[in-house]
2 protein chains.
Amino acid sequence: MRDAYHEELDSVGADLVEMARLAGSAMGRATAALLDADLQLAQRVISADARINELHHALEEKAITLLARQQPVAGDLRTVVTSLRMSADLERAGDLARNVATIARLRHPVQAVPGDLHRTILEMGQLAQRLMAQAGEVLLTHDTVAALQMEKDDDRMDELHRTIFQHLMDERWKHGVETAVDVTLAARYYERFADHAVSVGHRVIYLVTGEHADVQPTPPPIFPTA
Amino acid sequence: MRDAYHEELDSVGADLVEMARLAGSAMGRATAALLDADLQLAQRVISADARINELHHALEEKAITLLARQQPVAGDLRTVVTSLRMSADLERAGDLARNVATIARLRHPVQAVPGDLHRTILEMGQLAQRLMAQAGEVLLTHDTVAALQMEKDDDRMDELHRTIFQHLMDERWKHGVETAVDVTLAARYYERFADHAVSVGHRVIYLVTGEHADVQPTPPPIFPTA
């Protein structure tokens, strides 16, 4: 019985890794759609979000069934409960990628992001995707050092977010209000997406160490790879 | 043992009600601070968010302890797991109220919201507060009819959100980009806050009926009032 149980627990872990992969991919594509004003790509990102939502709901059901049938305690219980939270983070990250794609779709065929902000938004998109890839890796490896390192990328994200605001607040801003609104929202979506990725990293640290804040790097397996 | 257990479950319910009260109050005050450019009030909202976060973390610990000690199944298990989700909704709602207050603080002594949007933002603030009050009541009463009615207020919120965007996109917008950015973010915070309130309502419906979507009104007590 314990074997079936750990198999179920592994499958929850695998679902989270897959959700992180899908969310990261969605944000990469959404960024391309936004910067290239690619309507078709935007549309695909928007449609693909349903898959992340499905995985999220299936994971919730799986976790509740697992709690009911196996009645886990201590570490295993925390793993299941924390998985539910990580799933919510990843589901929300998927929404945020969809939101970015929606801006692209709304403004098509116009480019929502003006040329002088392309590079900044591109970097935000790449950081977001990299952070989510790190979240997926940390879910697999439970490498708390890697999880802590995510904060450096997140700091860079915050810096870029501030850069965007400096541009917007600059009196020489010449792209009008509509573009300012799009850029404001897009920047916020990237920043929140990164927060959710970092949150997954933090939750893995919590699972490994039982600590909520900065912690020692000790990565035992909780969702062992198959 | 079952008695102590149901007492713990009640106390989780009472914490959620209190969190909803605090979040609603925070959004009411944040709106006043925003519309009156009241720095002191904004500061108090920002500081008070710590209390909601504390309740959230305490509730999470309580719920996990409850799962470990009492090993609930079926309905009780769903109640505990759903409570964790509602707590996350309410914690996030508190953050969004704090975000509104932060805009007021950033722009002080200037009013972040121009006069011709005062009424719309005021209505968004009032709707947000009312929706959260409804969420708190639904948590107490398990009145699924009232929970479903929240959607009407939420529709109105979406309508106001669109009104704000129409103003922003209007070529006659004369308040500049900085104000456009503030209004864009504030409007989004209200809309997300309302979503979290509605989400709490939906989760109560789910607890009562076991259904995720539109459901029959049948309100048995899950968190009985003391």
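A residue is called buried if 20 or more other C-beta atoms lie within 10 Å of its own, exposed if 12 or fewer, and partly exposed in between, with C-beta atoms placed from the backbone. By that yardstick A:Q71 is partly exposed, because 17 other C-beta atoms sit within 10 Å. Keep in mind that this is a predicted model, where local features need pLDDT of at least 70, side-chain atom pairs count only at pLDDT 80 or more, and totals for chains, interfaces and linings use all residues. Residues are numbered from 1 along each chain as its sequence is written, while chains are lettered from A and ligands numbered from 1 in the order in which they are written.

**How far to trust it**

- The model comes with an ipTM of 0.86 and a pTM of 0.89.
- Chain A has an average pLDDT of 91, and 93% of the residues score at least 70; pLDDT is the predictor's confidence in each residue, from 0 to 100.
- In chain A, confidence is highest in helix 4 (residues 115-141), at 97, and lowest in helix 1 (residues 2-36), at a mean of 93. Helices here are DSSP runs (H or I, at least four residues), numbered from the N terminus, and strands would be runs of E of at least two.
- Watch residues 214-226 of chain A, where the pLDDT is below 50; this stretch still has 28 contacts in the model beyond near neighbours in sequence. Two residues are in contact if their C-beta atoms, placed from the backbone, lie within 7 Å.

**How the two chains pair up**

- Chain A lands on chain B after a rotation of 180 degrees with 0.0 Å of shift along its axis, at an RMSD of 0.0 Å. That is the relation of a two-fold axis. The fit is by least squares on the C-alpha atoms of residues with pLDDT of at least 70 in both copies.
- Both copies use the same surface: 100% of the contact residues of chain A recur in chain B.
- Contacts between the chains involve 21 residues of chain A and 21 residues of chain B.
- On the side of chain A that touches chain B, helix 2 (39-70), helix 3 (74-107), helix 5 (144-169) and helix 6 (176-209) of chain A each supply at least two residues. Helix 6 of chain A gives the most, with seven residues.
- By type, that side of chain A splits into 16 nonpolar, two polar and three charged residues. For this count, Ala, Val, Leu, Ile, Met, Phe, Trp, Tyr, Cys and Pro are nonpolar, Asp, Glu, Lys and Arg are charged, and the others, Gly among them, are polar.

**The core and helix 6 of chain B**

- The largest nonpolar core has 135 residues, and A:A23, A:A97, B:A23 and B:A97 have the most contacts inside it. Such a core is a set of buried Ala, Val, Leu, Ile, Met, Phe, Trp, Tyr and Cys residues joined through C-beta atoms within 7 Å.
- Leaving out residues up to four places away in sequence, B:A97 touches B:A23, B:A26, B:M27, B:A30, B:V45 and B:F193.
- Helix 6 of chain B (residues 176-209) has 34 residues and reaches 49 Å from its first C-alpha to its last, close to the 50 Å expected at 1.5 Å a residue. The expected span is 1.5 Å times one less than the number of residues.
- Of the 34 residues in helix 6 of chain B, 26 are buried, so the helix is largely enclosed by the rest of the structure.
- Right after helix 6 of chain B comes B:G210, with a positive phi near 75 degrees.

**Backbone oddities**

- The peptide bond from A:H108 to A:P109 is cis, with omega near 5 degrees; A:P109 is in the loop between helix 3 and helix 4 of chain A.
- In chain B, the bond from B:H108 to B:P109 is also cis, with omega near 10 degrees, and B:P109 is in the loop between helix 3 (74-107) and helix 4 (115-141) of chain B.
- A:Q71, in the loop between helix 2 and helix 3 of chain A, has a positive phi near 45 degrees without being a glycine.
- A:A74, another non-glycine residue with positive phi, near 50 degrees, is in helix 3 of chain A. A:A74 counts as exposed because it has 9 other C-beta atoms within 10 Å.
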